[in-house]
Amino acid sequence: MVAVVAVVAAFTGCGAPRPGPALAPDPAPDRSLIASSARLAAPRPVDPAVRGASYLTAVAAQLQPKWSVFLEDCRLRLPRTHPLNQPALAATFELVIGSAGELTAHREVASSGNGDFDTAVADVLADASPLPEPPGDLASDDDLVHVRWQFARDARQAGAATARVVQVELPLLEVVTSLIGRGELMRAATRVAASWAAPAAAADRDPATERVMIAALREAITSPNGVARRTAVEACGRARVHALADDVRGQLAATTDPELRLAAITSAGALGDRAAAPALLAALPDDLTQHPRVALARVAALVAIGQAADAAAALRAVLDAGPNPTALAALRQLPPLATAPVPAIAAKLAAWAAAGDAATRGAVCMALPAAAPAPAAALIARGLRDADARVRAACAEAAGRTDAIHPDAATVKRLHELAHDRDLAVRARAVAALGRLDPAHPIRAADDPAPAVRAAFATTAAEPELRVLAGDREPDVRAAAVIALGDRAHDIAVRAAADPSPQVRQAAIAALGVVPGAPGTAPGAAPGDAELLARLARDAVPDVALAALVRLVGLRGRAAMAGPLLDQLVAAPAGSPERARIALAWLLAS
């Protein structure tokens, strides 16, 4: 036995045998013995389908020759009956390999039952480092590669065919948080995707997935791709991602892209970010005169975060200098208590309605009755008879708003007259207003030559008329009809899902997967809807694709969609709009 151990030490280059219990010497081997068995053929290769097959092959190229020398030494020097020549001997060790190929540890997993055989394995491994550098995708949660390697006395030898890469898993949430903190978002996404595919449920899969999706939004916000930044900022507001409020706020002043700034303003309001108030207020006076859309968004955001009084003060300062259509339009966004302190607002509105230009007169109507409820009815009635169509249209819309005062019979009669006005915008607003104010006597405008009027009529039309409008030649009319039909006409929604116009396809999405006549969704209630939504989720128009993806996740549920969404996230380019849309779809799903 001592002689055999000395032979092993010699060919492995490990020096003297490791200290251990004293062993009684075996009889000296008979040097006249011929080979005790036939030479073993090369071990069979690993199945290429095995995870890490190419790496296991590379490691085997380093371990197998050393092990083969030991087996040959036993075959040539020891009799067939010697314990080290028993064909059934096999020991399994776990190899722990670092990113550079260093063998950081090895431990015995299954003993052969023969101490000298196991020691020979340990000596081979002690001399093996460094091994080939492993690919990163084989690393376990501890950033090391774990491999189970079998060393056998038979034809298996130390070949790769019996080796396997072992995945060592740490607590999911802890691992994902660490990976994201190190900037390894895609590795974190892959790790979470694997947890959803596992048969055993994990309590922290959902929060871990959420962290990955939020990290994808943060990545997109800092992307050089402007569309990705806007998509991510909008997503933060829509999904109420409060963890990214600071990132959204940073876009208020850091960008020259007006659409991105608009998205950041809207999302800051949706997030209730009170810390954004100074930035929202700072540019409001200039935007009220130069950028109406942005100014209105700023006011709405200030109201949403509880700063309506500050917004009202800014509007007062502008209106004190004279009529400003944007400031007047913004008044309607303020709660009543915020507009009450405006000095002599009723008198100013009356004066501007009488003597202002058309834009001002129309803006006055739009500001009523929130800004000045007392004179609202009279001013709206007068505006309905204005010579300028823009004013008549604005006042018709004001009369039909749900927050307006209840118009008298004369005003309703005037709206019926305006439903036949020569101006199409006036007709459209009057038809829409009458649908709300006088539903017992709606205007039948399905044959109106103006698409805007037919679309306005769709909001109050009966189902037979809506079915006709759903086949209208104009996409805006078809979209309005599909939206108005909702879940009452599943056949129309299915047809609309293949419409050549994106606004019609998007209108159809909300009705897919809904049980006719019942609120909410019901998976399986509308066969084929999931497939339709999956196709629409690949639509070339981003808004359509996003709406379909959100609907599909809601229909199938997070558990069913988590894996596919994470796989799509990994496949999408870093910092791309696609990643932001995928994250939004997940975060919006209930």
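This is a quick look at the disulfide and some of the salt bridges in a predicted model.

Let's start with the cysteines. A search of the whole structure turns up 1 disulfide, and Cys365 and Cys395 are the partners, with an S to S distance of 1.8 Å. The torsion about their S-S bond is about 90°, so the disulfide is right-handed. Cys365 belongs to helix α17 (residues 358-367) and Cys395 to helix α19 (residues 389-400), so the bond ties together parts 30 residues apart in sequence. Cys365 is buried at 3% relative accessible area, and Cys395 is buried at 0%. Two other cysteines also count as buried: Cys74 at 1% relative accessibility and Cys236 at 0%.

On to the charged side chains, where the whole structure has 35 salt bridges. Here are some of them:

| Acidic residue | Basic residue | N to O distance |
|---|---|---|
| Glu72 | Arg39 | 2.5 Å |
| Asp287 | Arg298 | 2.6 Å |
| Glu465 | Arg444 | 3.0 Å |

Glu72 and Arg39 meet in a salt bridge, and that pair links helix α2 (residues 53-77), home of Glu72, with the loop between α1 (2-12) and α2, where Arg39 lies, 33 residues apart. Glu72 is buried at 14% relative accessible area, while Arg39 is exposed at 56%.

Asp287 also pairs with Arg298, joining helix α11 (residues 284-290) to helix α12 (residues 292-304) across 11 residues. Both of these partners are buried.

Then there's Glu465 with Arg444: Glu465 is in helix α23 (residues 463-469) and Arg444 in the loop between α21 (424-437) and α22 (451-458), so parts 21 residues apart in sequence are tied together. Arg444 is exposed, at 54%.

Finally, Asp143, Arg182, Glu184 and Arg187 are connected in a salt-bridge network.

Definitions and conventions:
Residues are numbered from 1 along each chain as its sequence is written. This is a predicted model: local features need pLDDT of at least 70, side-chain atom pairs count only at pLDDT 80 or more; totals for chains, interfaces and linings use all residues. Side-chain values use heavy atoms; hydrogens and water are left out. A disulfide is a pair of cysteine sulfur atoms within 2.5 Å. Helices (H or I, at least four residues) and strands (E, at least two) are DSSP runs, numbered from the N terminus. Buried means under 20% relative accessible area, exposed over 50%, partly exposed in between (1.4 Å probe, protein chains only). A salt bridge is a side-chain nitrogen of Lys or Arg within 4 Å of a carboxyl oxygen of Asp or Glu.
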